[in-house]
Amino acid sequence: MSESVAPGGRGMSVASAFAGMRSVAPVVFRAGCPDCRGRFELAAGALRLAIGASSRTTFYSFTCPDCGASVRKPAGDRIVELLTGGGVRTLRLHSTL
């Protein structure tokens, strides 16, 4: 495969840099509501992650699409890793000492 250089010798064009790339499916997360017991999939934009100073203050939250309840669940290290890797917006909580 040969590389083409854009006019002026400044490197390759955007079109050639991304040639052959496929679109990526959006990340979805499976979740459940403790109030209505509904099971569903949520996009990263529907979740929020709050990272506190300890495991007791680290959690994720979302609004149940079935019943509208505000849901808050604890997030251990693995959940934090999955949510941050999947593009969930994160809020870092700071302690007030």
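Start by selecting Arg72 and Phe59: the charged end of Arg72 sits over the ring of Phe59, 3.6 Å from its centre. Keep in mind as you look around that this is a predicted model.

**The whole chain**

Now zoom out and colour by secondary structure. You should find two helices and six strands. Follow the chain along its sequence and the pattern reads α-β-β-β-β-β-α-β. Switch on a surface next: the chain exposes about 7600 Å², and carbon and sulfur atoms supply 54% of that area. How many of the 97 residues count as buried? The share is 26%. If you look at contacts with a separation of 6 or more, 44% of them join residues 24 or more positions apart.

**Into the core**

Hide the surface and select Phe40, Leu47, Leu49, Tyr60, Phe62, Leu83 and Val88. Of the 18 residues in the largest nonpolar core, these touch the most other members. Which elements give two or more residues to this core? They are strands E1 (28-32), E2 (39-43), E3 (48-51) and E4 (59-63), together with helix H2 (77-85).

Stay here and pick Leu83. Leaving aside residues up to four places away in sequence, Leu83 touches Phe29, Leu47, Leu49, Tyr60 and Val88.

**The aromatic rings**

Next, show the side chains of Phe40, Tyr60 and Phe62, which ring pairs link into a cluster. A search of the whole structure finds two aromatic pairs. Take Phe40 and Phe62 to begin with: their ring centres are 5.9 Å apart and their planes meet at 75°, so this pair is edge-to-face. Phe40 belongs to strand E2 and Phe62 to strand E4, 22 residues apart, so the pair links distant parts of the chain. Are these two rings' residues buried or exposed? Phe40 has 11% relative accessibility, so Phe40 counts as buried; Phe62, at 4%, counts as buried too.

Then turn to Tyr60 and Phe62. Here the ring centres are 6.3 Å apart and the planes lie at 20°, so the pair is stacked. Both Tyr60 and Phe62 are buried.

**A cysteine in a loop**

For the last stop, select Cys36, in the loop between E1 and E2. Cys36 counts as partly exposed because its relative accessibility is 34%. What does Cys36 touch, not counting residues up to four places away in sequence? Its partners are Cys64, Asp66 and Cys67. Try drawing a distance between the C-alpha atoms of Cys36 and Cys67: they are separated by 6.6 Å, although the two residues are 31 apart along the chain.

Terms used:
Residues numbered from 1 in each chain as written. Predicted model: local features only at pLDDT ≥ 70, side-chain atom pairs only at ≥ 80, totals over all residues. Heavy atoms only, no water. Core = buried A, V, L, I, M, F, W, Y, C linked by side-chain atoms within 4.5 Å. Buried < 20%, exposed > 50% of the residue type's maximum accessible area, 1.4 Å probe, protein only. Helix = DSSP H or I, 4+ residues; strand = E, 2+ residues; numbered from the N terminus. Contact = heavy atoms within 4.5 Å. Areas by Shrake-Rupley, 256 points an atom, 1.4 Å probe, with all protein chains shown as cover. Phe/Tyr/Trp six-rings, centres within 6.5 Å; stacked < 30°, edge-to-face > 60°. Lys NZ or Arg CZ within 6 Å of the ring centre and 35° of its normal.
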